[in-house]
Amino acid sequence: MISLLATILWFLLALGILVTFHEFGHFYVARRCGVKVHRFSIGFGKPLISWYDKHGTEFVVAAIPLGGYVKMLDEREDDIPSSELPNAFTQKTVWQRMAIISAGPIANFILAIAFYFILAMLGIKGVAPVIGGVEPDSLASEAQLQVNEEIVSIDGKKTPTWTAVFERLTSRIGDSGPVVFEVKPFSEQSESDAKTFLPGTTSTLTKTIQIQQWLGDSDRPDLLSELGIGPYQPQTDWVVTQVVPNGAAEEAGLLVGDQLISADQKPLNSWSLWVDYVQARPNQHIDLEVLRDDNIQVLQITPKAFDANGQQIGRVGIATSTEWPNGMVRQLDYSVLESIGYGFSKTWDQAIIILSFLKKLILLDVSVKNMGGTFTIAQVAGDTAAAGLTYYLSFLAFFSVSLGVFNLLPIPVLDGGHLMFYIIEAVKGSPLSEKIQLIGYQVGLFIVVSLMIVVHYNDLVRILS
């Protein structure tokens, strides 16, 4: 119950931040263009908090926190006295109206750039993408990818960490054709080398994987497993270094300093296999053999059940000491100027990935099952917040780019639809007829409502499954 409440709160915080910036974009440019603003509302429905500024604008925090709006003086909605006409939105030039409409999505892009700038200034931390295993007869095996090779780039884009690898592979979901990997034997190189290494140098090998509408019909794609790649796993001495309070391990009597030997009489020799074993056994007893003070003891431990994307998994609540090779855990530091460049380039890359995904949806290269709605976004908000500040900031940045891109789609009722009408007006010298605009808004509303039904249906299917 506490976890669910935290998820809801983190989601509402994210939505509140992003909607506020989006609507402020509209509000700020409208004010600069001389448009009178009646109301700036975060949320819909009954106002919970409201106040007025010196210009007579009402600022509202409303009861339904799933969006917001800026209500401007508009001849189409109000009977306006002649003295107020110059302050109406409809009396502004088409270029001013275009600026006001586009300001909301642009504000989302600016916010994303700011978040990515902060992340770069904090330093990007991650694990070097070194291959720890290759499945026989897999796509990776056919491409002759080898254990202990580091993935330097994918399709010409640098991949200094596994996070970068996942981003590049995610962008290829639904594609057909070659995926070009550049690899080299992993060495204990410095972190600065990892950031500045240029793809295409003579020290790398090029290996190509051929895909065919890859994972286009999967609603929960496991990118590495589908390629047959396993990440490098650090060595562990199986000595417990941390026992989570009130966790299954503490309740079973496990102590810091205990050395794990076997689970259900099976020797422990792989941390990832141990994690998989525990996750597959929520609320099931495991006989855990440990070495304590040179004596063997058997403890019965019952992993507690946790929800992960609608699926129950087990957790015991322990950590053991691990040893990574030098240079494998990386901290990529950026100067202020580099951080600004990172903010712009990262926002651009994410926007291109989202647009590419939408194109694949239209061409039926990927299934609508890949899309998620409010529940999926809320789950990601809660998970990233639990993982730490940098993960939550990264989520906020991507969510902000997504809102910006979505709102710029040329669908009537969205900002992009209004912008499309104004572009047509600027080209032809006069606005489209009210009848055509009304038909456009009806079609746009149908598209948006249909999309909302589909993504929330997907959410319910995931939850129920």
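Two strands count as paired if DSSP finds at least two bridges between them. With that in hand, welcome to a short tour of this predicted model, told as a set of close-up legends.

**Figure 1. Ile154 and Phe181 stand opposite each other in a pair of antiparallel strands.** Ile154 faces Phe181, which belongs to β7. Their strands, β5 (residues 149-154) and β7 (residues 177-185), run antiparallel and are joined by 5 bridges. Zoom out a little and the pair becomes part of an open sheet of 4 strands, ordered β6-β5-β7-β8 with antiparallel pairing. At the edges stand β6 and β8 (205-211), each with a single partner strand, so one side of each has no neighbour in the sheet. Just ahead of β5, in the loop that follows α3 (139-142), sits Asn148. Asn148 is not a glycine, yet its phi is positive, at about 75 degrees. Its relative accessible area is 38%, which makes Asn148 partly exposed.

**Figure 2. A hairpin is built from β13 and β14.** Here strand β13 (residues 286-292) runs antiparallel to strand β14 (residues 295-301), and 7 bridges join them. To find your place in the ladder, look for Asp287, whose bridge partner in β14 is Gln300. The turn of the hairpin has 2 residues between the strands. Which residue in that turn has a positive phi? It is Asp293, with a phi of about 55 degrees, a positive value in a residue other than glycine. Asp293 is exposed, and its relative accessible area is 67%.

**Figure 3. Lys36 and Glu84 form a salt bridge between two loops.** The closest N and O atoms of this pair are 3.8 Å apart. Lys36 comes from the loop between α1 (2-32) and β1 (37-52), while Glu84 comes from the loop between β2 (58-72) and α2 (94-122), so the bridge ties together parts 48 residues apart in sequence. Are the two partners buried or partly exposed? Lys36 is partly exposed at 30% relative accessible area, and Glu84 is partly exposed too, at 23%.

**Figure 4. Glu425 and Arg97 meet in a salt bridge between two helices.** The N to O distance for this pair is 2.9 Å. Glu425 lies in helix α12 (residues 415-428) and Arg97 in helix α2, so the contact ties together parts of the chain that are 328 residues apart in sequence. Both partners are buried: Glu425 has a relative accessibility of 12%, and Arg97 has a relative accessible area of 10%.

**Figure 5. Asp349 and Lys157 link a helix to a strand.** The side chains of Asp349 and Lys157 form a salt bridge, 3.7 Å from N to O. Asp349 sits in helix α9 (residues 336-362) and Lys157 in strand β6 (residues 157-158), 192 residues apart. Both ends of the bridge are partly exposed, with Asp349 at 27% relative accessibility and Lys157 at 35% relative accessible area. Strand β6 also appears in Figure 1, as an edge of the open sheet.

**Figure 6. Four charged residues are linked in a network of salt bridges.** The members of this network are Asp155, Arg172, Asp175 and Lys360. In general, side chains of opposite charge can pair when their charged atoms come close. Across the whole structure, a search finds 15 salt bridges. As for the charges of the protein chain, there are 32 positive and 46 negative side chains, and the centres of the two sets lie 9 Å apart.

**Figure 7. Leu445 touches residues that are distant in sequence.** Leu445 is found in helix α13 (residues 434-464). Which residues does it contact, leaving aside neighbours within four places in sequence? They are Pro412 and Val413. Leu445 and Ile411 lie 34 residues apart in sequence, with 8.4 Å between their C-alpha atoms. At 49% relative accessible area, Leu445 is partly exposed.

**Figure 8. The whole chain gives the close-ups their setting.** The protein chain has 13 helices and 18 strands, and its C-alpha atoms fill a box of roughly 90 × 55 × 40 Å along the principal axes. Of its 465 residues, 43% are buried. Among contacts between residues at least 6 apart in sequence, 67% join residues at least 24 apart. The accessible surface is about 24700 Å², and 61% of that belongs to carbon and sulfur atoms.

Terms used:
Residues numbered from 1 in each chain as written. Predicted model: local features only at pLDDT ≥ 70, side-chain atom pairs only at ≥ 80, totals over all residues. Heavy atoms only, no water. Buried < 20%, exposed > 50% of the residue type's maximum accessible area, 1.4 Å probe, protein only. Contact = heavy atoms within 4.5 Å. Areas by Shrake-Rupley, 256 points an atom, 1.4 Å probe, with all protein chains shown as cover. Lys, Arg positive; Asp, Glu negative; His and termini not counted. Charge placed at Lys NZ, Arg CZ, Asp CG, Glu CD.
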